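Here are a few short exercises on backbone geometry and sheet layout. Keep the viewer open and try each task before reading its solution.

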Amino acid sequence: MLLGVVSDTHGHAHNTQQAIRILESFAPVAVIHCGDIGSAEIVPMFAPWPTHFVLGNVDEGCPEIERAIMQAGQTYHGAFGNVTLAGKRIAFLHGHDSARLRLEMSSGKWDLLCYGHTHQRDQRRDEQGTLVLNPGALYRARPHSLAIVDLSTLDVTSVTL
């Protein structure tokens, strides 16, 4: 059972379409978008999967994005989301609230904690054993990247566009 994790699309449709094609090849059961969606036009591109969206600092004050998520039948989580998939407790946020990110990292409540914002891929285990994952960014990064997580093992495949 695979999970797709993306972040920082910043409204860039071309890179998001490339990411969608990559996700299609992996056939994830769900996708998490860690914020900085950047434009309402990005949301419907994730229609093939149940997608969980959190807002980033670029998205704040943009009700069009929230409406697009709801109209697409996807899940809007505001600034922080959590879900259980395949028995794994997963939390996700954008990461621009560094205090909240540190709090969740030290909580010991999560098997997987996903974040974005830095535009840098990151994958590590914290002191509590939580897998902390930043998939990188689909825009304003070199290289552009996303992540695929095997939910049975929490093994991560980083994929470059």
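**Exercise 1: two positive phi angles**

Arg 140 is found in the loop between strand 9 and strand 10 (strands are DSSP E runs of at least two residues and helices are H or I runs of at least four, numbered from the N terminus). This is a predicted model, where local features need pLDDT of at least 70, side-chain atom pairs count only at pLDDT 80 or more, and totals for chains, interfaces and linings use all residues. Residues are numbered from 1 along each chain as its sequence is written, and side-chain values use heavy atoms, leaving out hydrogens and water.

Task: is Arg 140 buried or exposed, and is Asp 8 buried or exposed?

Solution. Start with the backbone: phi of Arg 140 is near 60 degrees, a positive value in a non-glycine residue. Asp 8, in the loop between strand 1 (2-6) and helix 1 (13-26), also has a positive phi, about 55 degrees. Next, apply the cut-offs: buried is under 20% relative accessible area, exposed over 50%, partly exposed in between (1.4 Å probe, protein chains only). Arg 140 counts as exposed because its relative accessibility is 56%. Asp 8, at 0%, is therefore buried.

**Exercise 2: the sheet**

Task: find the strand order of the open six-stranded sheet.

Solution. Two strands pair if DSSP finds at least two bridges between them. The order is 4-3-2-1-10-11, with mixed pairing. Strand 4 (75-76) and strand 11 (155-160) are the edges, each pairing on one side only. Finally, look inside: strand 2 (residues 30-33) and strand 3 (residues 51-53) pair in the parallel sense over three bridges, and Ile 32 stands opposite His 52 in strand 3.
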